[in-house]
Amino acid sequence: MRPAVFSADVLRRFLLRNRIATLPQLKQLLGTEADITVFRKLKELSYRASYSHRGSFYTLDEIARFDERGLCSFDSVWFSRHRTLVATAEDCVTQSQAGYFASEVEDILHVPVKEPLLQLVVRGRIARQPVSGLYLYCAANPRARQRHLRARQALLDQGAAASADIPSGNVSDELRAAIVLFASLLDEQQ
């Protein structure tokens, strides 16, 4: 019996029309039960797996339009120029101006990042330093890490100066801390 021949062009046309697809959708489209058949055809087309949704969505490199951070989304599905969540989180932290707290990385990447950040610290790919009661994730390179820490401290000092105008008797410590963090985030985005 002659083996079945599957066309990568069928996948390409489907993805150009729909932008993203799951493995079950692509298997159904090709008429196969074998995951490996789909991956062989995707490889011919140069594809990306999502870093969100546990990597269960696929798109083509020719479709993805990455922003300045190397991210691309279709609906709520996220893809990265760096391919994996771990590599994307590492780039996000090392390319930052003042390091990032985990919540800031989550806001940027739109997925939970606690485990990937911890993996990167354990592997020595990034570092973390306690700052204002939270861990600040910084570059592993000592010189870059010091630059991140100085820049973050400057942001926190600016935020503290901004919150000093608020009468302390009228505002809780938690609200004052939130104002400081908010002001530092605003400054970082500028």
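Tutor: Let's start with a word we will need: a residue is called buried when its relative accessible area is under 20%, exposed when it is over 50%, and partly exposed in between. Keep in mind that the model above is predicted.

Student: Thanks! How many helices and strands does the protein chain have?

Tutor: The protein chain has eight helices and eight strands. Of its 190 residues, 41% are buried.

Student: Let me try that word on a helix. Which residues of α3 are buried?

Tutor: In α3 these are Thr-37, Val-38, Lys-41, Leu-42 and Leu-45. They lie on the same side of the helix, because the arc they cover around the axis is only 130°.

Student: And which residues are exposed on the other side of α3?

Tutor: There you find Arg-40, Lys-43 and Glu-44. The cover over the buried residues of α3 includes the helices α1 (8–18) and α2 (23–30), along with the strands β2 (47–49) and β3. Look just past the end as well: Ser-46 follows α3 and has a positive phi, near 65°.

Student: Where do the buried residues of α6 sit around the axis?

Tutor: The buried residues of α6, which spans residues 114–122, are Pro-116, Leu-117 and Leu-120. Their arc around the axis is only 100°, so they share the same side of α6. The face turned away from that buried side carries Lys-114, Glu-115 and Val-122, which are exposed.

Student: What do the buried residues of α6 pack against?

Tutor: Their packing partners are α4, α5, β7 (126–131) and β8 (134–139). Just after α6 comes Gly-124, with a positive phi of about 75°.

Student: Now the charged residues, please. How should I read a salt bridge?

Tutor: The general idea is that side chains of opposite charge can pair when their charged atoms come close. The cut-off here is a Lys or Arg side-chain nitrogen within 4 Å of an Asp or Glu carboxyl oxygen. By this rule, the count is eight salt bridges.

Student: Could we look at one in α3? How far apart are N and O in the salt bridge of Glu-44 and Lys-41?

Tutor: For Glu-44 and Lys-41 the distance from N to O is 3.1 Å, which fits the cut-off. The two residues are three apart in helix α3 (residues 35–45), so about one helical turn separates them.

Student: Is Glu-44 buried or exposed?

Tutor: Glu-44 has 53% relative accessibility, so Glu-44 counts as exposed. Lys-41 has 16%, so Lys-41 counts as buried.

Student: Which parts of the chain does the pair Asp-61 and Arg-83 link?

Tutor: First, their closest N and O atoms are 3.7 Å apart, and they form a salt bridge. The pair connects distant parts of the chain, 22 residues apart: Asp-61 is in the loop between β3 (57–60) and β4 (71–74), while Arg-83 is in the loop between β5 (77–80) and α4 (85–94). Asp-61 counts as partly exposed because its relative accessibility is 22%, and Arg-83 counts as partly exposed because its value is 41%.

Student: Are Glu-104 and Arg-152 buried or exposed?

Tutor: Glu-104 and Arg-152 form a salt bridge, with their closest N and O atoms 3.0 Å apart. This pair links distant parts of the chain too, with Glu-104 in helix α5 (residues 102–109) and Arg-152 in helix α7 (residues 142–163), 48 residues apart. Both residues are buried. Salt bridges can also share partners, and in this way Arg-48, Asp-61 and Arg-83 are joined into one network.

Student: Next, sheets. In what order do the three strands of the open sheet come?

Tutor: In general, strands of a sheet pair through backbone hydrogen bonds, either parallel or antiparallel. Here three strands make an open sheet in the order β6-β8-β7, with antiparallel pairing. β6 (100–101) and β7 are the edge strands, each pairing on one side only. Two bridges join β6 to β8, and Phe-101 stands opposite Leu-136 in β8. Helix α4 packs on the sheet, where α4 touches β6, β7 and β8, and its direction makes about 90° with that of β8.

Student: One last feature: how many disulfides does a search of the whole structure find?

Tutor: A disulfide is a covalent bond between the sulfur atoms of two cysteines. The search of the whole structure finds zero. As for the cysteines, Cys-92 counts as buried because its relative accessibility is 8%, and Cys-138 counts as buried because its value is 0%.

Methods. Residues numbered from 1 in each chain as written. Predicted model: local features only at pLDDT ≥ 70, side-chain atom pairs only at ≥ 80, totals over all residues. Heavy atoms only, no water. Helix = DSSP H or I, 4+ residues; strand = E, 2+ residues; numbered from the N terminus. Buried < 20%, exposed > 50% of the residue type's maximum accessible area, 1.4 Å probe, protein only. Arc of directions from axis to C-beta. Contact = heavy atoms within 4.5 Å. Pairing = 2+ DSSP bridges. Axes fitted to C-alpha atoms, helices over the stretch in contact; angles between N-to-C directions. Disulfide = S-S within 2.5 Å.
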